[in-house]
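Here are my notes for you on this one. Have a look at the sequence and the structure first, and then read on.

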Amino acid sequence: MVRNKEGIFAPKEKKVVVLWDLDNKPPRGPPYEAATALRKVAEKLGRVVEISAYANRHAFIHLPHWVVEERRERRNLDFMERKGEVTPIDPYICGVCGRKCKTNLDLKKHFKQLHERERQKKVNRMRSLKGKKRQKFKERFVSGNEKYNEAARRLLTPKVGYGLEAELRRAGVYVKTVEDKPQAADWAVKRQIQHSMTRGIDWLVLVSDDKDFSDMLRKAREADLGTLVVSDRDRALGRHADLWVPWSGVEKGEIGEMDLIPGKRPRFEEDEESEVGFSGGDELFSLSYDEDERAEMTVESDGFGRFNVSAFSEDEWVEDEGDFALSDSDDDSDDELF
């Protein structure tokens with residue numbers, strides 16, 4: 001219990017750190033929406049003090065399949081609008097000045113010739129200033145112009161990549177570009193995990209499928225640090241963490257507070273698991289069913305690939321002086337088999 005600003009004693013607010021391995025787990029959709037959804041899940045555990053993403057430069061210049069398909073569809077639609085084969089129902093409206101254009105290409109031309117030129121003039125003016133004047137000018141005319149920034153994200157295509165770094169920063173994510181070396185992002189995440197273990201963090205959210213983080217997760221749990229793994233499968237890292245949620249569920253906003261209760265198995269199951277609940281390994285399992293409440297089948301495994309299947313009905317068992325024995329019909333059937 002701690003005392004807040006109002007002088008009331010309340011439970012201590014838990015601190016949460018989110019570490020995102022972008023090389024291993026990039027967003028499958030718009031980066032801003034994915035980062036926002038990840039923050040909402042982390043906020044269910046406590047107050048998010050840091051969200052960091054680590055990747056090399058290839059992650060920022062690579063074009064995912066969904067981006068390539070989206071751009072191809074947009075080009076085809078622009079071509080058909082220019083030839084007159086497709087007529088948009090509503091005109092395209094400029095997000096900065098409100099001007100209406102017949103086609104998307106006309107809107108891009110208007111934006112580049114008017115608003116982009118004005119923007120470049122303001123940037124040149126900002127670079128000629130110094131000190132507080134430069135900072136105030138930047139906040140008012142450059143970074144603070146949300147109308148232009150939103151229209152530019154929608155109309156202008158980045159020269160390199162698809163704006164992954166800029167969109168993550170807009171969502172409040174600290175993006176760190178590591179060296180172009182093998183496992184460079186992994187080492188950066190491991191160092192940050194060690195740093196989090198010594199700064200009073202209560203929960204660690206790790207977005208990765210890399211099983212190399214297993215040892216660090218075990219150390220974090222030994223240090224009484226709650227761990228949540230966000231990945232596609234829970235077999236590699238989920239078994240070493242307190243909680244596991246699927247990455248697809250996070251991006252779609254399907255994770256609720258009931259899925260973040262420690263000690264409770266999540267409702268999300270892997271596709272590889274069978275419907276009968278086979279757990280794998282050397283453990284025994286059995287499958288039974290009742291048909292008209294008279295028949296039962298049992299499947300047993302010893303864990304070495306050998307299975308024993310038995311089926312019987314209630315009519316095939318007789319009671320003899322308190323013990324159960326096979327009936328005469330069963331003895332006759334056994335003789336026929338041998």
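The points below go through a strand, its partners, a helix and an annotated segment.

1. A word before you zoom in: this is a predicted model, and the remarks here should be read in that light.

2. A good place to start is strand β3, residues 15-21. Of its 7 residues, 6 are buried, so β3 is largely enclosed by the rest of the structure.

3. Which strands pair with β3? One is strand β4 (residues 47-55), joined to β3 in the parallel sense over 7 bridges. Within that pairing, Trp20 of β3 has Ala53 as its bridge partner in β4. The route between these two strands leads through helix α1 (residues 31-43), and this β-α-β crossover is right-handed.

4. Another partner is strand β8 (residues 203-207), which also runs parallel to β3, with 5 bridges between them. Here Val18 is matched with Val205 of β8.

5. Now to the helix of that crossover. The 13 residues of α1 span 18 Å from first to last C-alpha, close to the 18 Å expected at 1.5 Å a residue. Its buried residues are Pro31, Ala34, Ala35, Ala37, Leu38, Val41 and Ala42. They lie on the same side of α1, because the arc they cover around the axis is only 160 degrees. Among the elements covering these buried residues are β3, β4 and β8, along with α7 (164-170), β9 (226-231) and α10 (247-252).

6. Finally, the annotation: an unreviewed UniProt entry places "domain: C2H2-type" at residues 92-120. In the model, residues 92-120 are 59% helix and 14% strand, with the end C-alpha atoms 24 Å apart.

Note on methods:
Residues numbered from 1 in each chain as written. Predicted model: local features only at pLDDT ≥ 70, side-chain atom pairs only at ≥ 80, totals over all residues. Heavy atoms only, no water. Buried < 20%, exposed > 50% of the residue type's maximum accessible area, 1.4 Å probe, protein only. Helix = DSSP H or I, 4+ residues; strand = E, 2+ residues; numbered from the N terminus. Pairing = 2+ DSSP bridges. Right-handed = clockwise from strand over helix to strand, strands pointing away. UniProt positions renumbered as here; feature names shortened; annotations may be inferred. Expected span 1.5 Å × (residues − 1). Arc of directions from axis to C-beta. Contact = heavy atoms within 4.5 Å.
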